[in-house]
Structure formats: C-alpha cells, structure tokens
Amino acid sequence: MNAAKTTDDLSRFFCELPFSYAEIHPTGKVYLCCPRYSGERPIGNVFADAPEAIWNSYRAQAIRAGIHDASFRLCHHTECPALAGRDLDSRQHLLESPEMGSILAAKTTALPKGPRTVKLCHDESCNLSCPSCRRHMIVAGKARQAKLDRMVNDFIVPFLKDTRLLVLSGDGDPFASKHYRDVLKATKRNLPAMRIGLHTNGVLCDERAWADCQLEGRVDTVEVSIDAADPGTYAIVRRGGDFARLLRNLDFLAKRRAAGAIREFQLSFVVQAANFREMPAFVAMGKRLGVDRVRFALIRHWWRGMLPTKFPRARVWGESHPDHDAFLAVLRDPLIVDPVVWAGDLGPAIAEAHGTPPPGPRIPGGVFERVGNWIGR
C-alpha cells in the first residue's frame, strides 16, 4: 500500500469522496470510492446493516480520519490514480467551500448528512454479455429479484435521503434491470428533486424506456458504452447487441441533449485489440452526435470477464503486443487529441505515440485526461 508516505508529502491534499460519495456492490457491500482504490474496505453491507448506520460506521469514520490527518492510511497509495498522481483537491481550496470548509476545519468524521452522490453497482442484470465484462448473460433470478425488490424501500430510498445525484449503473444496465427501473420510479415519487446519471449500453434506452422510467426533467448525465464504430466489430465486443437499434437510440439521446433535457452526453470506448483501429471513427461519430465527451479507457481484466489466458491478446497497449506499433500509429490521428476526447488511462500511450512524456509519474491505470495540454496541440 505504501502507507509509509509522510504527512508532509500529502499535507496539501484532500480527497472529498469519503465525505460525499458511496457505491453499493452486488454482495451488498458499500464503499466510499472504487474498492480497488480503497483496498477493498467496505463501510457496511446493505443486507445486514441499517441505512443510517452505514454512512457513519466505524470503518467510514476511520477512512475519513486518514484523509484529515493526511496519512491516507486506509487508501491504496499506488492503485488510486488520484493519490498516486497527486491529482487531488487542495485543502486550502476546500476550506473555502461552503459544504466542505466546516468539515475540514473541525476534522469531522461523523457526518450529519448522507452522501451527496450514490452509485448503484449491485444488480449485474444486463441485456448484453460483452466478453470484456462477463462470459455469459447475467439476469437476476427469482430469489435474487425478490431480495432486490425488498431493497428499494427498505434501504435504497432511506439511504438516498440527502443524495443529489444518483448514478446507475456501475454494473449491468439500468434499462435491463427491473430493480433499477423500480428504483428510478420510486425516487421519482419520493425524491423528485434528485438528479440521475445514467451509464448504459444504450440498446434499450429508447423513448419508451425514457417515459416508463419517468426520466424527463431528471437526467443530469448520460454515458453510453459502445466500444465500436462499425457493426461488425460491435457484434464481437458487444455480444448480443443491436447496432442499428443503438444508432436510433443515440439519435434520440442527441436530441434530448440538444433540447437541454440532458446536461452532459458522453460516449465511452474500452480500448482492446479487437477495436483499437476504430478509435478515430468513434471520435468522429461522437462529434456528429454533438456529444460533450468521448472517453477512452484501456481494457482491464475483470474477475468475471475474459479468461486470464485471453487477456494478453486483448491488451494491445502492452509493449510486447504484436499490434502495439499499429496501436501507436492510430493514436497519432488528429482526432485522438480532439478537444472532445478525454483520454483517461490512455494518456501515457498517447504521450508515447507523440514522443512526449506526460507530466508527473507514469502510473499503472493513471489518469491523464486533457492530453492536448501536454503533447503540444
């Protein structure tokens, strides 16, 4: 974990997430950020603990105390890209924040209000079985569905009482999940002012689903994960998808964005050997749709995704991959550094392709977003 980092090294920095954010995973465990970044330290479990007990649990307060004393002792110092790359908020800046200033000044760990942002990742149900994510279709069975049904009023709605933004889903698809659809309807009744962030594969996100889930006037962001710009490639990387239907739905979402019904519209692309040549075309597609952002992310080995023996063949960004030079050539296309592109952890590879090192350390999985700033565009 490299917990030996000195407080002087981190004393200027502060992470707001443990004070404002939570996500719920399939086992019911609740985390204050991505589990990989926090060293797999849940603060409670929705199937065992009361909503009001989780947010200020002993573990939650211990994590916050580690932020206050600048040790970040319960954070993963090398896995968290923001911590490793020192891409964190300034303590001085947050002292002037109306929401965080008093918490920081008093070193508060037991918070009077619940999370401002909550991400739901606990229903894996999806209409696709993308090879990068899962080996077969996953849909909640009868017993699992009954458990999820009970969660809506017993846990989800009470836990969200102070939430301003609900993001779904971090796993599966919000429109393929009966549970997530029920959550959307329940929050419309009980928490009508709360905003919604959608992360979807887009195949089921049409005008009818939009109306059924009562989304009009509630949506903050929409991120559509596609991973292809060609129907042939799409059929490989998005197993079970319908490219023609997806394009129709993207047009619908583009119109909702143009009408102001969506604050931010984003397309996402997981870079791998099967699709990297389509990256410029994907950016062009996003620009035609008028999206706010085209986001790239390198393929990672999910525990339930492709077999470990197949992953090296997909990892085209590895220097030993036979297509690595072709990959770098694609990254030199001007569209890859278009202002609409957010590079994510693709940033170091773009820097390599352009012969310009990124600022700061080159870290595995690091975040180097606005690449145009440091390749001379």
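How far is the sulfur of Cys 213 from the closest cysteine sulfur, and in which residue does that sulfur lie? Select Cys 213 and Cys 205 in this predicted model. The two sulfur atoms are 8.6 Å apart, which is too far for a bond. Cys 213 is buried, at 0% relative accessibility.

**The cysteines**

Turn next to Cys 75, which takes part in no disulfide. The nearest cysteine sulfur belongs to Cys 33, at 6.4 Å. The cut-off for a disulfide is a sulfur pair within 2.5 Å, and by this rule the protein has zero disulfides. Cys 75 is buried as well, with a relative accessible area of 15%.

**The whole chain**

Show the complete protein as a cartoon. The secondary structure comprises 15 helices and 12 strands. Of the 377 residues, 55% count as buried. Among the contacts with a separation of 6 or more, 68% are between residues 24 or more positions apart.

**Helices H7 and H8**

Select residues 142-159, helix H7, together with residues 178-190, helix H8. Their axes come within 10 Å and cross at roughly 25 degrees. Angles under 35 degrees count as roughly parallel, and H7 and H8 are therefore roughly parallel to each other. The crossing of H7 with H8 is right-handed.

Display the side chains between these two helices. On the H7 side, the residues in contact are Gln 145, Leu 148, Asp 149, Met 151, Val 152, Ile 156 and Val 157. Their partners in H8 are Lys 178, His 179, Asp 182, Val 183, Ala 186 and Asn 190. Colouring this contact by class gives seven nonpolar, three polar and three charged residues.

**A cis peptide ahead of H8**

Move to the loop between strand E7 (165-168) and H8, where Ser 169 is found. Which kind of peptide bond joins Leu 168 and Ser 169? The bond is cis, with omega at about 5 degrees. Most peptide bonds are trans, and most residues other than glycine have a negative phi.

**Two residues with positive phi**

The next selection is Phe 72, in the loop between helix H3 (58-68) and helix H4 (81-84). Phe 72 is not a glycine, yet its phi is positive, at about 50 degrees. Is Phe 72 buried or exposed? With a relative accessible area of 1%, Phe 72 is buried.

Follow with Lys 107, in the loop between helix H6 (101-106) and strand E6 (117-120). Lys 107 also is not a glycine and has a positive phi, of about 55 degrees. At 55% relative accessibility, Lys 107 counts as exposed.

**Arg 245**

Arg 245 is placed in helix H11 (residues 243-258). Its relative accessibility of 27% makes it partly exposed. Add Val 203, Leu 204 and Asp 206 to the selection; Arg 245 touches these three residues, leaving aside residues up to four places away in sequence. Asp 206 is 39 residues from Arg 245 along the chain, and the C-alpha atoms of the two are separated by 8.9 Å.

**Helices H14 and H15**

The last stop begins with helix H15, residues 347-354. Why is H15 described as largely enclosed by the rest of the structure? Six of its eight residues are buried, so the structure around H15 largely encloses it. The buried residues are Gly 347, Pro 348, Ala 349, Ile 350, Ala 351 and Ala 353.

Which helix do the buried residues of H15 pack against? Add helix H14 (324-331) to the view, for this is their packing partner. The axes of H14 and H15 are 8 Å apart, at an angle of about 90 degrees. That angle makes H14 roughly perpendicular to H15.

Display the side chains here too. His 324, Phe 327, Leu 328 and Leu 331 in H14 meet Ala 349, Ile 350, Glu 352, Ala 353 and His 354 in H15. This contact of H14 with H15 has six nonpolar, two polar and one charged residues by class. Finally, select Gly 355, which follows H15 and has a positive phi, near 70 degrees.

How values were computed: Residues numbered from 1 in each chain as written. Predicted model: local features only at pLDDT ≥ 70, side-chain atom pairs only at ≥ 80, totals over all residues. Heavy atoms only, no water. Buried < 20%, exposed > 50% of the residue type's maximum accessible area, 1.4 Å probe, protein only. Axes fitted to C-alpha atoms, helices over the stretch in contact; angles between N-to-C directions. Helix = DSSP H or I, 4+ residues; strand = E, 2+ residues; numbered from the N terminus. Parallel < 35°, antiparallel > 145°, perpendicular 65-115°, else oblique. Left-handed = near helix turned anticlockwise from the far one by under 90°. Contact = heavy atoms within 4.5 Å. Nonpolar A, V, L, I, M, F, W, Y, C, P; charged D, E, K, R; others polar.
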